[in-house]
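Here are a few exercises to work through with the model open beside you. Try each task yourself before reading its solution.

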Amino acid sequence: MRPPCVLAVFAHPDDAELACGGTLASFRDGGYDVHILALTDGSNSSVPRPQDRRREAEASAAIIGATITIEDLPDGEVRVAGPTFAKVERWMRELSPDVVITHFTSPLPLDDHQDHHATGLVATTLAKRAITPQLIIQGEPPVLNAGFTPNFFVDVSEFMPKKLAAIAQYESESSKPYMRENAIIARATWWARQAKVHEAADDACYEAYMLIKCRSTNPHMLVHGQKEKVL
Ligand SMILES: [Zn+2]
């Protein structure tokens, strides 16, 4: 029998690590196959050496224990349209994932990046329609997160060193404030406070999600991020 599988569908290399790097490492540690699908190569980035992102993404995925596929949709022009559905559907069929993680689909039309919004809509639509996913969640946007009111949290305290090491692989992106270690830790400790108001240790780190679908019979345990209760 094949191991259970997590498919993380994101627009650009680095999006998955920022939104759910700790969760992916946690699933990997729990025996899941973890696959990251980046729909573009990020080559339209404003950073000095965007061509480095493919190599960086592979090094980053290796730290998490994931495999990664970088598709060739045009960076900056991902649409809710046939080619995007085709790319994502192919991997949904290939992997039959038990868990799908993707971008938050903001209700605010101008919030976050247009590629994130389109990717999240397509991946969420296809995941909901598929048979195998037990859990579908949308991760925190990397910068503008107005409207993001998470209702699902995963304790990634143990996996923060891997998340930080994975993100550090993106040297070409290192000038961006949201890629800095202190910013990543600040977000994770804030979400720990939100998830466990009275109980979180000072150094607890959580990742936050919008829950789209879960077949668990124990939602209380889920919101406290106990992954072993997820499936
Ligand atoms: Zn992105």
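What percentage of the 231 residues in the protein chain is buried? Before solving that, know that this is a predicted model, where local features need pLDDT of at least 70, side-chain atom pairs count only at pLDDT 80 or more, and totals for chains, interfaces and linings use all residues. Residues are numbered from 1 along each chain as its sequence is written.

Solution. A residue is buried if 20 or more other C-beta atoms lie within 10 Å of its own, exposed if 12 or fewer, and partly exposed in between, with C-beta atoms placed from the backbone. By that count, 48% of the residues are buried.

**Exercise 1. List the elements in chain order, then find how the strands line up in the sheet.**

Step 1: helices (H or I, at least four residues) and strands (E, at least two) are DSSP runs, numbered from the N terminus. The protein chain has seven helices and seven strands, and they come in the order β-α-β-α-β-α-β-α-β-β-α-α-β-α.

Step 2: two strands pair if DSSP finds at least two bridges between them. Going across the open sheet of seven strands, you meet S3-S2-S1-S4-S5-S7-S6, and the pairing is mixed.

Step 3: look at the edges. Strand S3 (67–70) and strand S6 (152–155) have a single partner strand each, so one side of each has no neighbour in the sheet. On average, neighbouring strands are turned by 25° against each other, direction ignored. Axes here are lines fitted to C-alpha atoms, for helices over the stretch in contact, and angles run from 0 to 180 degrees between N-to-C directions.

**Exercise 2. Work out the surroundings of strand S4.**

Step 1: S4 covers residues 99–103, and five of the five are buried, so the strand is largely enclosed by the rest of the structure.

Step 2: check its partners. Strand S1 (residues 5–10) runs parallel to S4, joined by four bridges, with leucine 7 opposite valine 100. Strand S5 (residues 135–139) also pairs with S4 in the parallel sense, over five bridges; here valine 99 faces leucine 135.

Step 3: compare with S6 and S7, which pair in the antiparallel sense over four bridges. Valine 154 has glutamate 207 in S7 as its bridge partner.

**Exercise 3. Describe helix H4 and what it packs against.**

Step 1: H4 (residues 114–129) has 16 residues and spans 23 Å from first C-alpha to last, close to the 22 Å expected at 1.5 Å a residue. The expected span is 1.5 Å times one less than the number of residues.

Step 2: find its buried residues, among them Asp115, His116, Val122 and Leu126. The buried residues of H4 pack against S1, helix H1 (15–29), helix H3 (82–95), S4, S5 and strand S7 (206–214). Two residues are in contact if their C-beta atoms, placed from the backbone, lie within 7 Å.

Step 3: read the direction. H4 lies across S1, S4, S5 and S7, at about 155° to S4.

**Exercise 4. Find the residues that touch the most other members of the largest nonpolar core.**

Step 1: a nonpolar core is a set of buried Ala, Val, Leu, Ile, Met, Phe, Trp, Tyr and Cys residues joined through C-beta atoms within 7 Å.

Step 2: the largest one holds 62 residues, and Val6, Ala8, Leu24 and Tyr206 touch the most other members. H1 gives the most to this core, with seven residues.
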